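Colleague: Could you take me through one part of this model slowly, the metal site, and then show me what sits around it in the rest of the chain? I'm still new to this, so plain words please.

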Amino acid sequence: MTKGHPMPDSQKIYLSDYTPPAYLVESVHLTFKLSPNATRVISKIRFVPNPDSASRDFFLHGEHLTLIRAAIDGQECSPAVTDKGLTAQVPDAPFTWEAEVEINPQDNTALEGLYMSNGMYCTQCEAEGFRRITYYPDRPDVMATFTVRIEGDLPVLLSNGNPTDSGDGWAEWHDPWPKPSYLFALVAGDLRNHPDSFTTKSGRKVDLNIWVRPGDIDKCAFGMEALKKSMKWDEDVYGREYDLDLFNIVAVDDFNMGAMENKGLNIFNSSCVLASPETATDANFERIEAIIAHEYFHNWTGNRITCRDWFQLCLKEGLTVYRDSQFTSDVRSRAVKRISDVDGLRAVQFREDNGPLAHPVRPDSFVEINNFYTATVYEKGAEVVGMLKRLVGDDAYRRALDLYFKRHDGQAVTIEDWLKVFEDTTGRDLGQFMRWYSQAGTPRLTVADDFKDGTYTLHFKQHTPPTPGQDVKQPQVIPIAVGLLNPNGDEVQETVVLEMTKPEQSFEFKGLSSRPVPSILREFSAPVILEQDVDNKTRAFLMAHDSDPFNRRESGNALARDVLRRMITDGAAPDPLYLEAKAKILTDKALDPAFRALVLSQPTQEELAQMLFDAGHTPDPDAIFKATQTLVQASAERLHQDLPRIYAAHQVKGPYSPDAGPAGHRVLANSALWLLSRLDDCKQAQAQYDAADNMTQQISALGCLQYFGHGTDATQAFYDQWRHDRLVIDKWFAMQVSNTRPDQTVATAQALTEHADFDMKNPNRFRAVFGALAWHHAGFHRADGAGYRLLADWLIKLDPVNPQTTARMITAFQSWRRYDEERQALMRAELERIRDTPDLSGDTAEMVGRILEG
Ligand SMILES: [Zn+2]
């Protein structure tokens, strides 16, 4: 372990230090006099002493504010102001606080609080942005009703809730539902709306709008349909009805996150809402549908019931990610959704959980809450909700959720409250289950089996490796979904959920006529690493016969990992067993095309690096790259007769539709095109590029052309065609980096930063270039350290402009200890260079410290 500059513990905030607020807020009146460099915010807030608090210390958060005046019950006062907030002498009785502050939205490049994006005003307050708007108890357990007046010379002036009055240059809004300040929102701009409406199950008509810049009005229809589908789904599946007369969505170009669930006024990164067939891919459409659903579902899980403090972030995020994944499973393919979710979990969350940034789903301390919007809180948090549902059953889950909404509506609550509704509904003790929220790290589950006198026994052991700050782990409750197949491939035991609670536990299956083949952890029933000693013949058997689509693909993936491991470490040749099994699935017309495309995909280089590391090897990025290329080439050659046929058979005729059916055909055809391009010198790819009338077809073909060195003309033509569309140009930036050979990745990224359209202040553009660099495993981990150096240079430049995005992107270095000594030294040098930068932001300082020390 290397000791750098350890984070002083005093900066840390601990869950165990929670105390209730000294004062509660009854109502908030805000007036905004908008001006790019000098917006005035006048607040009038009714405070009452909190009967549940012994303290009468009055503190309001406030950062980057200029206080013009303040008054208590109409009397001017002079509070003590620091760069974190203010304190003042106040009555031990209800009182009215008034303040006027000045802020500068134009220069707010951090994109927290009120800022400007292309001439429009917008806000981002989660987690702690509201304190950059005015002085306020900016914590989620202070809930209040807001009344807002906006004055400004822009045609559209929006805030939360319902509009109450408006005139020339002003508008007033009232939100009747008490909310924490992180859900406050304001938008002002020259915007156009795509209107629609939805009638709720009790017959109330809700007006719906998507607000965009004038040129984007033709890209709203899909998002609107997704919104209406989400509203209906939440009524049908969770019994949740929308509760205002109006629901607004606004698209913003400069945005740190994907989207934000502000009450009645969702604000979206434009990449997560705008879509047309010409400019968005099938994957974009699916993601937009899921994000619109996610933010909408927050209206109940997050807004009506919110978090007591930010340690409980998973309470709203884990549950809402789980809900949006259920939604996508229902409206698209359940199997494909589950496989994609687990691929994402393993690529991002497992990496986090097995490195220096590992933390529990509910962390117990933090320096900057911005740094905990992580895959662990979101995706592992959703897995935990899924396990809970698996353990208690579907009916009890629904009853527990009904009780949750009934008992806690209008409250700011904790994970303990959440689990209590399940205990009260089912009578179960969830004390041990709570460890999923408090223990970091990915449990390892090992399994052995025996068969005697018709009884088959599975012996499981569980173990979770130490993580930073948590050396000793307790056994978890692990739901293990298991099915058994006989040697003919028929299922002799349908899926049962075994409940493992001890460090070692055995489960028996009686009355079997022959030794079965087990299919373990079906549908990925728990977020664990399954260590199973299975030979590749059995994997190929399960790949062909397992009735659980997740495990069918998983067996193929495990087989591919093992084949690649032997290629990387022993110089083995591609195993024909794998190539045959893959060919069988690819040509099986009974299977869903999207599922076949997933089987066709190989494990990522990142996944292979982690696998090798876990097995005691030092991963060599160049050798990993070479092996994956050799295997994909061997696949292409083995399939050379099938590929043109499959490509042709899955061309979609007629007008474009982003639905799962046609999208599945396109993804399979484009997977075939990717292999075919290795054999036909990109002839088919060029033809597809020339004929493409939608972005999915155009960009798939362009990717092949670029990767195989035929892309110079097409890349320029693509730019000329789309230079007016910033979201398409983001793709153009990203794919040039993604589709390079490893020795060209850094030079390509470097050259793109000199392009006239590169703008580091726009998070989407910055991520397009540097996200693509960080995810290009062999390119980023170039042996001479040029990838590390380029990324560090730009993170140092970005930090004073946008600390949140910098801190998030520094996670590219989190696996630095996995590699050889030379690469480790190069990465450590870059991390130390970032750490030693003068005036480094708190966000970035915390992350670099944790990565270096963990
Ligand atoms: Zn969310």
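**A close look at the zinc site**

Modeller: Let's begin with the sequence: the residues that donate to the zinc ion follow the spacing H-x3-H-x18-E. Keep in mind that this is a predicted model. Histidine 298 sits in the loop between helix 2 (282-297) and strand 22 (306-307), while glutamate 317 belongs to helix 3 (residues 313-331), so this pair ties together parts that are 19 residues apart in sequence.

Now for the atoms. The protein donors are NE2 of His294, NE2 of His298 and, listed twice, an OE of Glu317, and they lie 2.0 to 2.7 Å from the zinc ion. What do the angles say about the arrangement of the four donor atoms? They subtend 54 to 154° around the zinc ion, which makes the arrangement irregular. To count as tetrahedral, four donors would need all angles between 85 and 135 degrees. As a yardstick, the ideal angle for four tetrahedral donors is 109.5 degrees.

Are the donors buried or exposed? Take histidine 298 and glutamate 317. Histidine 298 is buried, with a relative accessible area of 0%. Glutamate 317 is buried too, at 1%.

Let's step back to the whole chain. The protein chain has 27 helices and 31 strands. Its radius of gyration is 27 Å, close to the 29 Å that the globule rule gives for 854 residues, so the chain is as compact as a globular protein of that length. If you boxed up the C-alpha atoms along the principal axes, you'd need roughly 85 × 65 × 60 Å. Of the 854 residues, 61% count as buried.

There are also holes inside. The count comes to five cavities of 30 Å³ or more. The largest cavity holds about 100 Å³ of space. Its lining has 14 residues, and Arg351, Glu606, Ala774, His777 and His781 lie nearest its centre. Helix 22 (763-775) and helix 23 (777-780) each supply at least two residues of that lining. Sorted by class, the lining of the largest cavity has eight nonpolar, three polar and three charged residues.

The second largest cavity has about 50 Å³ of space. Among the residues lining it are Ser117, Met120, Arg213, Asp253 and Arg726. Here the classes come out as five nonpolar, three polar and four charged residues.

Finally, a few backbone details to look for. A cis peptide bond, with omega about 0°, joins glutamate 126 and alanine 127. You'll find alanine 127 in the loop between strand 11 (120-124) and strand 12 (144-151). Leucine 521 is not a glycine, yet its phi is positive, near 65°. Leucine 521 is placed in the loop between strand 30 (517-520) and strand 31 (529-532), and it is buried, with a relative accessible area of 3%. Cysteine 682 also has a positive phi near 65°. Look for cysteine 682 in the loop between helix 16 (660-676) and helix 17 (683-691); it is buried, with a relative accessible area of 3%.

Definitions and conventions
Residues are numbered from 1 along each chain as its sequence is written. This is a predicted model: local features need pLDDT of at least 70, side-chain atom pairs count only at pLDDT 80 or more; totals for chains, interfaces and linings use all residues. Side-chain values use heavy atoms; hydrogens and water are left out. On a 1 Å grid over the protein atoms alone, a cavity is a set of points where a 1.4 Å probe fits but cannot get out, and a pocket is an open set with protein on both sides within 12 Å along at least five of seven lines; lining residues have an atom within 4 Å of a point. Grid points are joined across faces, edges and corners, and a volume is the space filled by probe spheres set on the points. Helices (H or I, at least four residues) and strands (E, at least two) are DSSP runs, numbered from the N terminus. Ala, Val, Leu, Ile, Met, Phe, Trp, Tyr, Cys and Pro count as nonpolar, Asp, Glu, Lys and Arg as charged, and the others, Gly among them, as polar. Donors are N, O and S atoms within 2.8 Å of the metal (3.2 Å for Na, K and Ca); water is not among the atoms, so sites may look incomplete. Four donors count as tetrahedral if all angles lie between 85 and 135 degrees; four count as square planar and six as octahedral if opposite donors are over 155 degrees apart and all others between 65 and 115; anything else is irregular. Buried means under 20% relative accessible area, exposed over 50%, partly exposed in between (1.4 Å probe, protein chains only). The radius of gyration is taken over C-alpha atoms; the globule rule is 2.2 Å times the number of residues to the power 0.38.
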